[in-house]
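The following note is offered to a colleague who is meeting this structure for the first time. Please read the numbered points with the sequence and the model at hand.

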Amino acid sequence: MNKLEIIDQLKTVVKPYIKNQEAFDNLSETTDFINDLKINSANLVDVILDIEEVFDIVIDNASMEKMLDVKSTLAIIETKLAEK
Amino acid sequence: MKKRVVITGLGIVAPNGVGIDNFTNAIKNGISGITHDAELERLQFSCQIAGKPTITEAIKQQYFTELELRNFNSTGILYGVIAGMEAWKDAGLPFEINENPDWDSGTIFGSGTSGIEKFRESIYKIDDFQTRRLGSTVVAQTMNSGVSAYLGGKLGLGNQVSTNSSACITGTESILMGYDRIISGQAKRMLVGSTSDSGPYIWAGFDAMKVCTFKHNHSPEKGSRPMSASASGFVPGSGAGAMILEELESALARKATIYAEVLGGNSNSGGQRGEGTMTAPNSVAVQKCIQDSLKFTGLQSNEIDLINGHLTATSKDSLEIINWSAALGLSNEKFPYINSLKSLVGHCLSASGSVESVAAVLQLKHGFIAPNINCEDLHPEISATIDSSKIPKKLIHKELNIVIKASFGFGDVNACVVFKKFK
């Protein structure tokens with residue numbers, strides 16, 4: 001799966017949680033989940049559970065803590081996919 | 001001058017009608033909401049009939065966002081939010097989202113449990129070492145105050161936001177608590193009401209106690225028989241009722257529709273002393289609760305036009321009638337009209353007091369007495385105490401001025417509230 005494909009999948013995952021449509025439409029690697037997309041911080045765990053399901057990976061607590069923006073999330077997904 | 005409290009909005013999710021119009025039609029025409037429940041049969045309950053509101057997907061989407069409905073599994077919150085928001089809308093109160101909360105409006109919305117199905121689902125996951133996969137909404141769905149928390153957020157309430165819990169008096173008590181909050185000058189508007197989860201996990205304990213009927217699994221609409229000689233236990237129900245209590249001045253200033261005035265009432269306990277236990281009422285306390293309500297409101301018992309009783313369809317119905325009669329000092333033809341909504345909806349448990357209070361206020365507002373069904377064979381102890389004409393089996397159109405509603409619950413607790421036609 002290349003980066004663009006991962007971003008596409010990621011967009012589908014976060015879509016139900018976003019509160020800022022404009023930031024979502026312009027989503028890039030620098031997009032922050034809470035500050036830009038206005039995702040409720042409590043929902044971040046739901047986003048991560050959905051990512052686990054969609055990509056069929058398991059994300060440990062330490063990685064989870066870092067997944068606050070698109071860039072770090074992409075890096076973690078790529079790492080976990082490579083480990084498979 | 002003492003403040004006055006009026007009702008400016010109603011909301012209802014009942015087994016025999018969702019929404020005020022449907023419910024009004026159902027109670028006027030004696031339409032039962034009791035049906036056979038396949039899940040209770042599969043689980044080999046003794047009682048396989050129940051009262052469960054019908055909530056369509058379209059109604060759900062009207063009150064909850066798509067995100068809120070993800071992994072949502074709490075019927076109590078579902079019913080409570082729908083009823084609470086209907087009452088708010090009915091009162092003509094605004095839904096726009098402002099920066100600041102509405103400091104003058106709060107809620108006391110009661111419940112017995114919250115999201116018991118969600119709780120069960122979570123327990124299975126936890127025991128399967130899947131705690132990390134629970135998601136973020138288990139707490140909000142299963143905390144007892146879930147219903148008031150959801151409502152508080154949807155309506156932007158900035159006054160007290162709380163949930164009371166006191167078994168089957170919960171709904172009636174919430175009205176008294178909201179009334180107190182307004183009378184004491186701490187709030188202008190209180191959304192009051194209560195809700196109850198549906199399903200086997202809330203009803204099983206009652207089934208095990210053998211207090212539910214097992215004789216009507218093939219005749220559900222005949223199952224709930226308050227005041228009948230052939231009453232054989234209550235039918236479990238569920239749903240939610242809600243009302244907007246408002247300080248009179250605020251209601252008049254907004255030119256709001258006024259359904260009725262709340263005169264107040266009383267809540268007490270028999271202390272599980274005398275004949276009172278965890279499950280049986282202390283009649284001294286029951287009578288005192290009714291009499292103290294009259295004392296508080298300054299009414300004479302002969303001013304009461306209609307009693308909406310607790311009357312669950314167990315062997316305790318006769319005792320309740322005897323207690324009303326003794327408390328009011330009225331019997332036979334002198335006794336006021338009395339009805340029990342439970343013949344139509346079953347016993348909605350923590351929601352019963354509010355569902356039945358909404359029915360009481362509708363009868364007061366629209367000038368009718370809803371029929372009792374399934375009591376063509378009145379219990380002889382009841383007909384020996386009050387005249388059978390006081391228990392209408394057909395709809396009566398009649399101007400009402402005072403309606404009194406009481407609820408009694410496990411823990412030997414009692415609550416009684418008085419509604420008056422607004423003049």
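1. In chain B, Phe64(B), Phe72(B) and Tyr150(B) are joined into a cluster by ring pairs. Two rings of Phe, Tyr or Trp (for Trp, its six-membered ring) form a pair if their centres lie within 6.5 Å; planes under 30 degrees apart count as stacked, over 60 as edge-to-face and the rest as tilted. Over all chains, the structure holds six aromatic pairs.

2. The model is predicted, so local features need pLDDT of at least 70 and side-chain atom pairs pLDDT 80 or more, whereas totals for chains, interfaces and linings use all residues. Residues are numbered from 1 along each chain as its sequence is written, chains are lettered from A and ligands numbered from 1 in the order in which they are written, and side-chain values use heavy atoms, leaving out hydrogens and water.

3. Which aromatic pairs deserve a closer look? In six aromatic pairs overall, one is formed by Phe72(B) and Tyr150(B), which is edge-to-face because the ring centres are 6.1 Å apart and the planes stand at 65°. Phe72(B) belongs to the loop between helix H4 (66-69) and helix H5 (75-90) of chain B, and Tyr150(B) to helix H8 (residues 146-155) of chain B, so the pair ties together parts 78 residues apart in sequence. Both Phe72(B) and Tyr150(B) are buried, a term for under 20% relative accessible area (exposed is over 50%, partly exposed in between; 1.4 Å probe, protein chains only).

4. Tyr179(B) and Phe296(B) also make an edge-to-face pair, with ring centres 6.2 Å apart and planes at 75°. This pair links distant parts of the chain, 117 residues apart: Tyr179(B) is in helix H9 (residues 170-183) of chain B and Phe296(B) in helix H12 (residues 283-297) of chain B. Tyr179(B) counts as buried at 4% relative accessibility, while Phe296(B), at 41%, is partly exposed.

5. Chain A has five helices and zero strands; helices (H or I, at least four residues) and strands (E, at least two) are DSSP runs, numbered from the N terminus. Its radius of gyration of 12 Å agrees with the value near 12 Å for a compact globule of 84 residues, a rule of 2.2 Å times the number of residues to the power 0.38, taken over C-alpha atoms. The C-alpha atoms of chain A fill a box of roughly 35 × 25 × 20 Å along the principal axes.

6. Of the 84 residues of chain A, 44% count as buried.
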